[in-house]
Each structure stands twice: as C-alpha cells, then as structure tokens.
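Dear colleague,

I am handing over the structure we spoke about, and you will find it directly below. After it I have set out what was found, grouped by region so that you can follow along in the viewer.

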Amino acid sequence: LTAAADPNSLWRWTRLAFARGAAGVGWSAWPDLAANPARAQAVRHALDEVAAERLAEFRPEPGAAVLLEPFARGPLEDRDGLLGYAWVGGDGPAAWYDLLDRGTRYGPLAVLTPRDLERVRLDRFGCLFAASAFDLPAPAQEALRGYVEGGGLLVGDLGLGCASTAGCLAQLPPAMEEVFGLRVAAVRWTRDNLLDGRQRERLRDLARGAVPFPEMAAGLSQPGSFVFLRYSSLLPDIVPRQPTPPQIARSLLVTPSAYVVAGPNTRMLAEQNQIGDHRVSGISEHAYGRGVACFITSWLWQEWRAGDWLFDRFHGNLLAQRPRLTVREGDLLVPDGWDVGRGAGGQLWVHRLADTPGTLSIDLPCLEPLLYPGGLNAIRRAPPLDRAARVRATAEPLVNRRVEGLAGAQ
C-alpha cells in the first residue's frame with residue numbers, strides 16, 4: 001500500500017486487503033509511515049481490528065470468475081510488458097480490471113487461466129466471463145461445455161478459442177459453436193461495413209473515447225454500437241432499443257467483429273450490423289443444458305468501463321443469475337458503496353465504504369429445507385426465473401434475508 005496516503009485511506013485499504021484474502025500487508029515506504037503519527041495510528045487501528053475480527057483467517061469464496069489469458073507481448077513501457085496481451089486484443093479487456101479492482105455486491109470475482117479450467121470446480125461460479133481467451137485446448141473447451149451444461153452462465157467474446165498450434169485463427173471451435181448455438185460465418189472490420197470513405201477518414205483522426213458522430217441526435221445509437229432489441233430474463237434492467245454508450249462506438253468501429261449465423265434456439269439480444277440475410281454481429285443468448293451461454297461478437301470491453309450506467313446494469317444482471325450472496329441495497333459496482341465477501345464455512349464479511357450510514361440487506365440462498373443459523377431476522381422465498389424456458393419457476397427456494405443498519409465506513 002502507498003504509505004504516503006491519508007490516514008483514512010490507509011485504514012480502509014488495510015481492512016479491504018484482508019477481506020479480499022490477504023494474509024498480510026506491506027507498505028511502500030516505512031519511513032513515510034513512521035514519520036506521520038496519524039498514519040501510524042490509522043494502520044495500528046486497522047491491524048487491531050483485523051486481529052480482533054480474525055480477518056486474517058478469512059478465505060473469500062467468489063461467486064463469479066473472469067477467465068484471463070496473457071497472449072503475446074502486449075504494450076511496452078520502459079521495455080517491460082504491461083498487460084501481456086497482443087495487439088489483437090487491443091489494450092486488453094480494461095473493464096475486467098475495473099471489476100476485479102472494485103468488486104461487486106455479489107461478492108468478489110476470481111481470476112482463472114485456461115489451465116485452471118481443468119483443475120478448479122467451476123460449478124461454484126454462477127457466472128464465468130471469458131474475455132479474450134484465445135488459446136483454449138480441447139480439455140479447457142470441454143470444461144467450459146460441462147460448466148454451462150451443468151447450469152452455469154458463460155459469457156464469451158470475439159476470438160474465444162481461435163488460436164491453434166498450426167498458427168491459424170479458426171473462430172469458435174466446434175465444441176464452442178455447440179455451446180453458444182451459432183457459427184462464425186465471417187470476421188470483418190466494422191468500419192468497412194458501416195462507414196464510407198470520408199467517414200473512415202474522419203474516424204482515423206478521432207481521439208480515444210471521443211464520440212465519432214456528435215452531431216447525431218441525442219438518444220440515437222452511434223454507428224457501430226450494440227443496440228439491445230429484445231427483452232431477456234438475463235438482462236431484465238435493459239429495455240429494448242437501448243444502445244451501448246456513444247463513448248465506446250469508436251472502439252467498436254476500429255476493431256473487427258464476427259458475423260454469426262444463429263441456430264434455431266439462439267436469440268440475438270443486441271445487434272450491431274448485418275451482412276446478407278442471416279449473418280449478424282451482436283450479443284446472443286443460447287440455453288444449453290441447464291445453463292446459458294452469451295456470445296459477444298466484438299471486443300466490447302476495450303473501452304466500456306464500470307463508470308457507465310449500462311455497464312453496471314449489464315454485469316449486475318448477469319451476476320445476479322445465480323449468486324452465492326446478494327447485497328440487495330447499495331451500489332452495484334461503485335467502490336463507495338459496499339464491499340462484500342463470503343468465506344469458507346459460512347463466514348460473511350461486509351464493509352460499508354461510504355462515510356454515511358446505510359441499511360444492509362443480504363440474501364443467502366439455502367439448501368431446502370435447511371436455513372443458515374446465526375440470527376437472520378427475515379426469511380422469504382426468492383422469485384427466480386427459469387432461464388431456459390423464460391418463465392417464472394414454480395418452485396421458489398427458501399432464502400434467508402438479513403437486514404441491519406451500518407454506520408459509515410463500518
């Protein structure tokens with residue numbers, strides 16, 4: 001941790017580090033810490049709380065995971081690789097780093113590599129995001145297939161499993177085509193399909209994060225944006241005709257996109273562009289076994305970050321499909337809201353990050369008809385949706401709900 005930070009930040013960071021599974025904490029410069037009595041007192045106060053609450057023994061159990069794969073050299077700084085991603089993945093899936101850094105009200109996110117897919121129990125994750133996972137050997141593909149078939153939610157994007165030992169890029173291996181319920185018919189640069197020569201020239205001089213066509217009427221989707229066309233129980237908070245924000249349209253235009261042919265049981269929830277009658281780029285939904293697989297035909301996360309309200313709803317809805325725990329009130333992906341974690345053996349750790357008081361409301365799924373002990377002060381039945389049939393499930397499992405008031409920064 002940065003020892004030169006203000007005392008309140010040092011206290012918060014120390015608690016958060018232990019709540020996320022740290023076994024100890026180190027500081028960048030001990031002299032800076034020792035020379036400031038307020039900083040030293042804040043650190044001592046935090047460590048005393050860690051000892052009193054036995055936070056050092058806390059082992060967080062994430063309810064969702066992100067599959068990240070360093071691929072080739074990536075951008076350099078002073079001859080050192082920054083992210084480990086090749087140019088094919090742009091600057092890396094920046095939004096995943098936002099999510100991992102901030103956490104969610106559904107608990108922390110685990111980080112997996114393709115090798116982990118064969119040796120980690122994937123059924124403990126309600127949602128698995130596979131961002132830029134290019135090199136997926138056959139055992140890893142089989143692990144992902146079994147995960148979705150058993151009831152998991154898999155979200156993949158352009159290039160998933162495309163690499164091979166022969167050096168070719170075969171978009172979506174057959175096993176993944178079966179899981180996502182589609183095949184990739186072509187990969188094209190989005191700008192070449194949507195823009196004329198003058199517009200492409202204009203795009204070339206546009207800065208990152210700038211809106212490509214600001215003269216368009218407010219509320220209209222920018223060329224290249226994903227437009228959500230259909231309601232889905234996966235994304236209940238996103239209404240039809242809602243486009244992705246204009247700030248990421250440039251990124252989507254200057255990157256390639258897959259044009260897919262969807263199977264009979266696959267729905268295109270959002271569309272970006274179309275070639276011919278059946279080849280479409282966008283976001284798909286496919287029920288497979290007891291689970292669901294979503295495919296995104298571009299690198300959506302290059303510039304789509306957690307500060308955008310649609311990003312918040314999109315990921316919040318996906319994480320809410322089969323959560324291990326849920327803080328029902330408070331911000332979803334905002335660091336000044338709640339930081340929560342569920343540990344092995346039923347431990348629960350919650351931190352109210354904001355300085356103002358707040359009401360804590362947590363749902364813990366139960367094994368019917370068993371209830372978690374510990375003085376939960378409310379019991380209700382959750383109304384989940386059957387994702388495969390898209391109707392309300394008839395059997396509603398018991399859920400424990402605990403409601404409690406917390407002071408600021410408690």
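**A buried threonine, T190**

T190 is buried, its relative accessible area being 0%. Please keep in mind throughout that this is a predicted model. T190 belongs to helix α7, which covers residues 190-194, and a polar atom of its side chain lies 3.3 Å from the backbone oxygen of L252, while the backbone oxygen of T255 lies 3.2 Å from a polar atom of that side chain. Leaving aside neighbours within four places in sequence, the residues in contact with T190 are G224, L252, L253, T255, P256, S257 and Q272. In the residues beside T190, the charged end of R191 sits over the ring of W189, at 4.8 Å from the ring centre.

**A second buried threonine, T297**

T297 lies in the loop between β13 and α10 and, at 0% relative accessibility, counts as buried because the limit for that class is under 20%. A polar atom of the T297 side chain lies 2.8 Å from the backbone nitrogen of G282. When neighbours within four places in sequence are left aside, T297 is in contact with L158, F226, P256, S257, A258, V260, Q272, S281 and G282. P256, S257 and Q272 appear among the contacts of T190 and also among those of T297.

**The protein as a whole**

The protein has 10 helices and 21 strands, and of its 410 residues 49% count as buried. Among the contacts with a separation of 6 or more, 67% are accounted for by residues 24 or more positions apart.

**The nonpolar cores**

The largest nonpolar core has 36 residues, and those with the most contacts inside it are L117, L128, L154 and F180. Helix α5, residues 138-149, supplies the largest share of this core, namely five residues. For L128, not counting residues up to four places away in sequence, the residues touched are A65, V66, L67, L112, L117, L144, Y147, L153, L154 and V155. Apart from this core lies another, of 35 residues, which includes I283, I296, L300 and L310.

**The aromatic residues**

The count of aromatic pairs comes to five. In one of them, the rings of W304 and F311 have their centres 5.3 Å apart and their planes at 85°, so the pair is edge-to-face, the cut-off for that class being over 60 degrees. W304 and F311 are both buried. W304 also forms a tilted pair with F314, at 5.4 Å centre to centre and with 55° between the planes. This second pair links distant parts of the chain, with W304 in the loop between β13 (291-296) and α10 (309-319) and F314 in helix α10, 10 residues apart. F314, like W304, is buried. Ring pairs link F228, W304, F311 and F314 into a cluster.

**Helix α1**

Does the length of helix α1 fit, or fail to fit, what its residue count would give, and what span should its 13 residues have? At 1.5 Å a residue, the 13 residues of α1 (residues 7-19) should span 18 Å, and the end C-alpha atoms are 19 Å apart, which agrees. At the N-terminal end D6 acts as a cap, with a side-chain oxygen 3.2 Å from the backbone nitrogen of N8. The buried residues of α1 are S9, L10, W11, R12, T14, R15, L16, F18 and A19. After α1 comes G21, which has a positive phi, near 105°.

**Two exposed loop residues**

R241 lies in the loop between β8 (227-228) and β9 (242-243), and it has a positive phi of about 75° although it is not a glycine. At 61% relative accessibility, R241 counts as exposed. N265 is found in the loop between β10 (256-262) and β11 (266-275) and likewise counts as exposed, at 58% relative accessibility. Its contacts, once neighbours within four places in sequence are left aside, are E285 and H286. N265 and Y288 are 23 residues apart in sequence, and their C-alpha atoms are 9.3 Å apart in space.

With best regards

Technical notes. Residues are numbered from 1 along each chain as its sequence is written. This is a predicted model: local features need pLDDT of at least 70, side-chain atom pairs count only at pLDDT 80 or more; totals for chains, interfaces and linings use all residues. Side-chain values use heavy atoms; hydrogens and water are left out. A nonpolar core is a set of buried Ala, Val, Leu, Ile, Met, Phe, Trp, Tyr and Cys residues joined through side-chain atoms within 4.5 Å. Buried means under 20% relative accessible area, exposed over 50%, partly exposed in between (1.4 Å probe, protein chains only). Helices (H or I, at least four residues) and strands (E, at least two) are DSSP runs, numbered from the N terminus. Contact means heavy atoms within 4.5 Å. The expected span of a helix is 1.5 Å times one less than its number of residues. A polar contact is a pair of N or O atoms within 3.5 Å; within protein, one must be able to donate a hydrogen and the other to accept it, and residues adjacent in sequence count only if both atoms are side-chain atoms. Rings of Phe, Tyr and Trp (its six-membered ring) pair if their centres lie within 6.5 Å; planes under 30 degrees apart count as stacked, over 60 as edge-to-face and the rest as tilted. A charge sits over a ring if NZ of Lys or CZ of Arg is within 6 Å of the ring centre and within 35 degrees of the ring normal.
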